[in-house]
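Reader: I am in my first year of study and would be grateful for a close look at a single part of this structure. Please begin with one residue and then place it within the whole.

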Amino acid sequence: TGGLSLSHATGAVSDSDWSIVEGDEYQVSISDRRPKFIYYAPTHLLLTSVSWDHADLYPTEQAYFDEFKKLVGRIPSGGRIVACSDDSGVQQIIKGRSVVTYGKSSGADYHYESVTATKNGLDFSIMHDGQTWHVHSPMLGRFNAENIAGAFAMACEIGIKPEVIIQAISDFKGIRRRFEKRLDGEKSVLDCHAPTADKAASVLEAIREVYPQRVIAVYEPNIGGRQRASAQAYDGAFKDADIVIIPRLTKLKVAENEKDQPIEGDELAAIIGKTHASTKYIESDQNLVTFLATETHPGDVVAFLGSHGFRGMIEEVVDSLKKTTQ
């Protein structure tokens, strides 16, 4: 969810004339509940996807979308908006505006196709203005082809040569906690930023494609994912996991009204369990680590999905699995 804004600036950390800022729609502070990007003055905007998130701040989808419409409206006439034409939310936001598009559709200005996803990364082609470029990325996840296509499109639009972009893509191994391989061997452990139901579903689909054995998902949602309005989003979201484990969730402030109380771990397990029978709630961190250390089989992958640090459990699981495979 969200976009990537590029603001023309001077005096940046590097000697570049460009600064790149994540378009964060979460609140500025406890006292200022407006989205962080309200304070940006972007000249360019890469709009990747827009789907309702952070129900604790935006009680309705319309309220959420309205903030992105305001963001798009702040891009100056001399700037550029690059938008994913495959995303229905993005289509709503850019309706009636002149933008550069990218996507799988042949009608997109930057069209990508023939995506091959393996444990070694991604290979695919990007077509634009009668030319075709082959792209290789060491990053995992078929969905990253879409993100890379967007970055390629924006980079081209600001004047960077395609050959330079392609080399940079092949050298970039990704960032921490974004489909990061924490253990890659007989048994694997992945650390993935996926704190919402839709992101968890997307990541699990990508994992299933390149890891054909069992997929064990350990999931902790963000605050918005623990709002009761988000409960229906979990229906079928974990279909690509063989086992789903919900740990003890981070303690949140207790709401005044019962209907506004955050969903706790045992209740979340029950909600997911309605459409995924193999769902467990394991309250003890040590019991969770022990379960993963003793119940995983050769070829299994354990995927930690969320935005929190899982209280060191990832590192403990990695150490335990290393010992069992030595």
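In which strand is the place of Y112?

Author: The model discussed here is a predicted one. Within it, Y112 has its place in strand β6, and this strand covers residues 110-118. The side of the question that concerns solvent can be settled by a cut-off: a residue counts as buried when its relative accessible area is under 20%. Y112 has 5% relative accessibility and therefore counts as buried.

The surroundings of Y112 come next. With neighbours within four places in sequence left aside, Y112 is in contact with D86, G103 and K104, with F124, S125 and I126, and with A145, E146 and A149. A further distance may be read from the backbone: the C-alpha atoms of Y112 and H134 are 9.7 Å apart in space, while the two residues are 22 apart in sequence.

Strand β6 also holds S114, and this residue makes a useful contrast with Y112. Exposed means a relative accessible area over 50%. S114 reaches 54% and so counts as exposed, whereas Y112, at 5%, counts as buried. The backbone of S114 deserves attention as well, since its phi is near 55°, a positive value in a residue other than glycine.

A positive phi is also found at R311, where the angle is about 50° although the residue is not a glycine. R311 is placed in a loop, between β14 (301-306) and α8 (313-325). Its relative accessible area is 35%, so R311 is partly exposed.

From Y112 one may turn to other buried positions, beginning with V215. This residue has its place in strand β11, which covers residues 215-219. Its relative accessibility is 0%, and V215 therefore counts as buried. Apart from neighbours within four places in sequence, V215 is in contact with L204, I207 and R208, with the run D240, A241, D242 and I243, and with V301. By contrast, 37 Å separates the C-alpha atom of V215 from that of D66, a residue 149 places away along the chain.

Some of these partners appear again around H276. A241, D242 and I243 are among the residues that H276 touches, and F238, K239 and V244 are touched by H276 too, when residues up to four places away in sequence are not counted. H276 lies in the loop between α6 (265-273) and β13 (279-282). Although its place is in a loop, H276 is buried, with a relative accessible area of 9%.

A194 offers another buried loop position. Its loop runs between β10 (188-193) and α5 (197-210), and at 0% relative accessibility A194 counts as buried. The contacts of A194, without residues up to four places away in sequence, are K199, A200, V203, Y219, L305 and G306. A194 and H308 are 114 residues apart in sequence, yet their C-alpha atoms are 9.9 Å apart in space.

The cysteines may be treated briefly. A disulfide is a covalent bond between the sulfur atoms of two cysteines. The count of disulfides in this model is 0. For C84 the reason is one of distance: the closest cysteine sulfur, in C156, is 16 Å from the sulfur of C84, which is too far for a bond. C84 is buried, with a relative accessible area of 0%, and C192 is likewise buried, with a value of 1%.

It remains to place these residues within the whole. The secondary structure of the protein comes to 8 helices and 14 strands. Of the 326 residues, 48% count as buried. The C-alpha trace spans about 55 × 50 × 40 Å along its principal axes. A compact globule with 326 residues would have a radius of gyration near 20 Å, and the 21 Å of the protein agrees with that value.

Contacts across long stretches of the chain are a feature of the whole protein: among contacts between residues at least 6 apart in sequence, 62% join residues at least 24 apart. The accessible surface comes to about 15,900 Å², and 50% of this area belongs to carbon and sulfur atoms. As for charge, the protein has 35 positive and 45 negative side chains, and 2 Å lies between the centres of the two sets.

Methods
Residues numbered from 1 in each chain as written. Predicted model: local features only at pLDDT ≥ 70, side-chain atom pairs only at ≥ 80, totals over all residues. Heavy atoms only, no water. Helix = DSSP H or I, 4+ residues; strand = E, 2+ residues; numbered from the N terminus. Rg over C-alpha atoms; globule rule 2.2 N^0.38 Å. Buried < 20%, exposed > 50% of the residue type's maximum accessible area, 1.4 Å probe, protein only. Contact = heavy atoms within 4.5 Å. Areas by Shrake-Rupley, 256 points an atom, 1.4 Å probe, with all protein chains shown as cover. Lys, Arg positive; Asp, Glu negative; His and termini not counted. Charge placed at Lys NZ, Arg CZ, Asp CG, Glu CD. Disulfide = S-S within 2.5 Å.
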